[in-house]
Amino acid sequence: MKKTGARNRKKAVEERKLKHVKAIMTVTGIDHTGIIAAVSQALAQNQVNIINVSQTLMDEYFTMIMQLEFDEEQIGLAQVQAAMNPVEETEGLVIKVQAESLFNAMHKL
């Protein structure tokens, strides 16, 4: 009985991986308080998980790259980008979301 349960759990994990999409999001703009909070809150409200993040300041310019993961059956790539539009406007940022596979293909030599 345990083997069947283990197989079912393994199958569920494999199916979950198939439904999940990874994406890269870039965020740029003039630095100010609350950028990370606004971006992460909007992602969380849309069930988008932040896997990795890197951010830096160059003089007054804020830049951030995030690796995201989400269930494509719940929200699509275009919907993630659309969900970030209000954050862009409110915070004065430029936010771009693209599939990780496309990002990787564009940056190969």
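The paragraphs below lead through a predicted model, from its overall layout to individual residues in its strands, helices and loops.

The protein contains four helices and four strands, and, when these elements are read along the sequence, they follow the pattern α-β-α-β-β-α-β-α. Of the 109 residues in the protein, 32% are buried.

Strand 1, which covers residues 20-30, is a useful place to begin, and valine 27 is one of the residues located in this strand. Because its relative accessibility is 0%, valine 27 counts as buried. In space, the C-alpha atom of valine 27 lies 6.7 Å from that of leucine 93, although the two residues are 66 positions apart in sequence. Isoleucine 30 also belongs to strand 1, but with a relative accessibility of 45% this residue counts as partly exposed, since the partly exposed class runs between the limit of under 20% for buried residues and that of over 50% for exposed ones. Together with Met58 and Tyr61, Ile30 makes a nonpolar surface patch of about 310 Å².

Strand 3, comprising residues 61-71, holds phenylalanine 70, and this side of the description can be tied back to strand 1 through pairs of residues that are separated in sequence. Phenylalanine 70 has a relative accessibility of 2% and therefore counts as buried. The C-alpha atom of phenylalanine 70 is separated by 5.5 Å from that of valine 21, a residue 49 positions away along the chain. Threonine 63 is likewise placed in strand 3, and its relative accessible area of 21% makes this residue partly exposed, a value to be read against the limit for buried residues, which is under 20%. Between threonine 63 and threonine 26 the C-alpha separation is 7.4 Å, while the separation in sequence is 37 residues.

The helices offer a second kind of relationship. In general, two packed helices are described by the angle between their axes and by the distance between those axes. For helix 2 (residues 35-45) and helix 3 (residues 77-91), the axes come within 10 Å and cross at roughly 155 degrees. Helix 2 is therefore roughly antiparallel to helix 3, because angles over 145 degrees are counted in that class. As for its handedness, the crossing of helix 2 and helix 3 is right-handed.

Two loop residues deserve attention for their backbone geometry. Glutamine 47 lies in the loop that joins helix 2 to strand 2, the latter spanning 49-58, and its phi is near 60 degrees, a positive value in a residue that is not glycine. With 56% relative accessibility, glutamine 47 counts as exposed, the limit for that class being over 50%. At the other end of strand 2, in the loop between strand 2 and strand 3, is aspartate 59, which has a positive phi of about 55 degrees although this residue, too, is not a glycine. Aspartate 59 counts as exposed because its relative accessibility is 76%.

Taken together, the residues followed here include valine 27 in strand 1 and phenylalanine 70 in strand 3, which count as buried at 0% and 2% relative accessibility respectively, and the loop residues glutamine 47 and aspartate 59, which count as exposed at 56% and 76%.

Methods: Residues numbered from 1 in each chain as written. Predicted model: local features only at pLDDT ≥ 70, side-chain atom pairs only at ≥ 80, totals over all residues. Heavy atoms only, no water. Patch = residues over 30% accessible without salt bridge, like charges linked within 9 Å, V, L, I, M, F, W, Y side chains within 5 Å. Areas by Shrake-Rupley, 256 points an atom, 1.4 Å probe, with all protein chains shown as cover. Salt bridge = Lys/Arg side-chain N within 4 Å of Asp/Glu carboxyl O. Buried < 20%, exposed > 50% of the residue type's maximum accessible area, 1.4 Å probe, protein only. Axes fitted to C-alpha atoms, helices over the stretch in contact; angles between N-to-C directions. Parallel < 35°, antiparallel > 145°, perpendicular 65-115°, else oblique. Left-handed = near helix turned anticlockwise from the far one by under 90°.
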